Amino acid sequence: MQWSFPVARISGIQVRIHLTFILFLGWIGFRDGMEGGWMSALSGVTFILLIFTCILLHEFGHAMAARRYGIRTPDITLMPIGGLARLERIPEKPGQEIVVAIGGPLVSALLALVFGVLSGFVLPPLDDAIQSWSMLWSKLFAINVGLLFFNLLPVFPMDGGRVFRALLAMTMSYQKSTRVAAAVGQGFAVLLGLGGLYLSAPMLVFVAVFVFLGAGNEAAQVDLKEASRGLRVRDAMLTLFTRLPTDATLADAVDLLLHASQHTFPLVDEGGHCVGLLTRNRLIEGLNLAGPMGMALEYARTDLPPVGPTQLLSHACRVMQEHQSPALPVLDEDGRLLGVFTQENLSELLMMDGVGTGRFGGWLRRLLRR
Ligand SMILES: [Zn+2]
């Protein structure tokens, strides 16, 4: 995730902290410090760090559950609105998804039990030392109970929503169950956001926005996966496009950008080999650093693995996502450029798939497959 920094590596998982989390801690320290001096600032920040340790353990619950199915978790990022474990993939088998989804809440439940015992909520306190810490334990108990129930709300893509999707997927298709779960999740997110506005709780509004966008995003990804099932790169690549010579300047690219609908320009040598891909972001970056006379090749992306025309579309999507690129060059076996595969191609494909369910669907899909 952008603007996040690695802080530790635990059991092969990179723990990262988002910049907004550091600002949040600074704000808590400043606020408490203004009220009650530096001791108060210190205890405020320590308390927040304790809460986020509980959240981190919750995320590790998901990661460890996913590991059972051979799914890696490259990183976990902490943000002011909570933690995010980035799993390599979400298991499509409902049983597995349920286990991964409840791995986190299970940890929160265990933590609640431990703090409940310590604070005397669950069992009477063992001795005076524990009693004097009682306030802290009871706060942490309440927070973990809160985390447990909040995450179990059937709001996709939160944990409870994932369980809901998995339960639906036992009786209907994965795509349909995702759509239903995402719609319910977005409905809840709107209510949550309105609740946050009513209570003037900005954090709740942020969570609502995050959930709303997350649900839409995941549903779109599942739709895309379904639409591209069985299709190859050649079925959706761009074949009519403008190439730039290797000695082109950024001004040449700007000229094309303004006069054509193309946003990504492959740089091709005299033999027809692709040596790089100038994306719109790189073009803007180059213009800022070197001006219009800068060399296009210097700012082109040369790190992108090419894809072949017969490779599966799903593979190309994954490569594009992994390299965070809006496009990929499509090359033949000799490295000559055949086409460009872009994100716009994918959205057009989705549109065709929407049409494809109608009267002329079969014909359109066959045309697309040719
Ligand atoms: Zn969770």
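Me: The bend of a helix at a residue is the angle between axes fitted to the seven residues ending there and the seven starting there. Where does α1 bend?

Reply: Helices (H or I, at least four residues) and strands (E, at least two) are DSSP runs, numbered from the N terminus. Helix α1 bends by about 145° at G36. The model is predicted, with pLDDT of at least 70 needed for local features and 80 or more for side-chain atom pairs, while totals for chains, interfaces and linings use all residues. Residues are numbered from 1 along each chain as its sequence is written.

Me: What does α1 span between its end C-alpha atoms?

Reply: The expected span is 1.5 Å times one less than the number of residues. For a straight helix of 49 residues this gives 72 Å, but α1 spans only 28 Å.

Me: Which strands form the open sheet with 4 strands?

Reply: Two strands pair if DSSP finds at least two bridges between them. Here the order is β1-β2-β3-β4, and the pairing is mixed. At the edges stand β1 (4-10) and β4 (82-86); each has a single partner strand, so one side of each has no neighbour in the sheet. Direction ignored, neighbouring strands of this sheet are turned by 25° against each other on average. Strand β2 (residues 13-18) pairs with β3 (residues 75-79) in the parallel sense, over 4 bridges. In that β3 strand, L78 stands opposite I17.

Me: Which strands does helix α1 touch as it packs on the sheet?

Reply: Contact requires C-beta atoms, placed from the backbone, within 7 Å. Helix α1 (residues 19-67) touches β1, β2, β3 and β4, and its direction makes about 150° with that of β3. Such angles run from 0 to 180 degrees between N-to-C directions, with axes fitted to C-alpha atoms, for helices over the stretch in contact.

Me: Which residues of α1 are buried?

Reply: A residue is buried if 20 or more other C-beta atoms lie within 10 Å of its own, exposed if 12 or fewer, and partly exposed in between. The buried residues of α1 include F21, D32, G44, I55, H58 and F60. Their cover includes β2, β3, β4, α2 (94-119) and α4 (134-151).

Me: What is the order of the open sheet of 3 strands?

Reply: The order is β5-β6-β7, with mixed pairing. The edge strands are β5 (244-245) and β7 (274-278), each with a single partner strand, so one side of each lacks a neighbour in the sheet. Strand β5 pairs with β6 (residues 265-268) in the parallel sense over 2 bridges. L244 has L267 of β6 as its bridge partner.

Me: Which domains does the chain have?

Reply: Domain bounds come from an automatic or database domain assignment. The assignment gives domain 1 (1-152), domain 2 (154-227) and domain 3 (233-343). The C-alpha centres of domain 1 and domain 3 are 42 Å apart.

How values were computed: Contact = placed C-beta atoms within 7 Å.
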